[in-house]
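Welcome! Take a moment to turn the structure around on your screen, and then use this short briefing as a guide to its charges, helices and buried places.

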Amino acid sequence: VNQVPAWLDRHSQRSTVSMRYGVRNNKARSAIKQRVQAANTAEKVKAELLTPEVEALITGFHTNPHTVGPRLLRKVRGRAAQFGVEVPSGWGVYAKPVKVRAAGTDPYGTKVKTLGLQL
């Protein structure tokens, strides 16, 4: 009988952590997914999911639109919608800081020459 060695069998590696995301991301994903599964009533959704701790975890991953943050936010919003709980607008959304530039400069930081015209 031909047996496939354990190190070659792709099904033997199911218990390992996926390398699709970083280790920190996997820990946060699993923590929030467990909270989503545990929140099986409207009261639990309000008490366990819509907390500042969960919001801080989600906003910590919002540096790129294709990262873990938006996916986790979608899970929390979906669970809240399932039980008819309204999520406050702006909850869990990463506010990108706005760069303030001095007047008379272009986006690349070089100064714009003025022509001395009076308008």
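**A helix and its positive patch**

Helix 4, made up of residues 68–82, gives the most to the positive patch, with three residues. Keep in mind as you look that this is a predicted model. The patch sits on the surface, where Lys33, Arg71, Arg74 and Lys75 gather their positive charge.

**The chain as a whole**

- The protein chain holds four helices and zero strands.
- Reading from the N terminus on, you will meet its elements in the order α-α-α-α.
- The chain has 119 residues, and buried residues make up 23% of them.

**Two members of the patch**

- Lys75 belongs to the patch of positive charge and lies in helix 4.
- Is Lys75 buried, partly exposed or exposed? Its relative accessibility is 41%, so Lys75 counts as partly exposed, because that class lies between the 20% limit for buried and the 50% limit for exposed.
- Arg71 is another residue of the patch, and helix 4 is its place as well.
- With a relative accessible area of 31%, Arg71 is partly exposed too.
- Arg71 and Arg29 are 42 residues apart along the chain, and their C-alpha atoms are separated by 9.3 Å.

**A closer look at helix 4**

- How far apart are the end C-alpha atoms of helix 4? They are 21 Å apart, which agrees with the expected span, because 15 residues at 1.5 Å a residue should also span 21 Å.
- The helix has buried residues: Val68, Gly69, Pro70, Leu72, Leu73, Val76, Arg79 and Ala80.
- Notice that an arginine, Arg79, is among these buried residues, whereas Arg77, also in helix 4, is partly exposed with a relative accessible area of 37%.
- Arg77 and Val87 are 10 residues apart along the chain, with 6.9 Å between their C-alpha atoms.
- Just after helix 4 comes Gly84, which takes a positive phi of about 75°.

**Before helix 4: helix 3 and the loop**

- Ile58 has its place in helix 3, the helix that covers residues 52–59.
- Which class does Ile58 fall into, buried or exposed? Its relative accessibility is 0%, so Ile58 counts as buried.
- To link helix 3 with helix 4, find Ile58 and Pro70: they are 12 residues apart along the chain, and their C-alpha atoms are separated by 7.6 Å. Pro70 is one of the buried residues of helix 4.
- Where is Thr67 found? Look in the loop between helix 3 and helix 4.
- At 22% relative accessibility, Thr67 counts as partly exposed, because a buried residue would have to be under 20%.
- Thr67 and Asn25 are 42 residues apart along the chain, while their C-alpha atoms are separated by 9.2 Å.

How values were computed: Residues are numbered from 1 along each chain as its sequence is written. This is a predicted model: local features need pLDDT of at least 70, side-chain atom pairs count only at pLDDT 80 or more; totals for chains, interfaces and linings use all residues. Side-chain values use heavy atoms; hydrogens and water are left out. Patches are made of residues with over 30% relative accessible area and no salt bridge: like charges are joined within 9 Å, nonpolar side chains (Val, Leu, Ile, Met, Phe, Trp, Tyr) within 5 Å. Accessible areas come from the Shrake-Rupley method with a 1.4 Å probe; for residues, only the protein chains shown count as cover. A salt bridge is a side-chain nitrogen of Lys or Arg within 4 Å of a carboxyl oxygen of Asp or Glu. Lys and Arg count as positive and Asp and Glu as negative; His and the chain ends are not counted. The place of a charge is taken as NZ of Lys, CZ of Arg, CG of Asp or CD of Glu. Helices (H or I, at least four residues) and strands (E, at least two) are DSSP runs, numbered from the N terminus. Buried means under 20% relative accessible area, exposed over 50%, partly exposed in between (1.4 Å probe, protein chains only). The expected span of a helix is 1.5 Å times one less than its number of residues.
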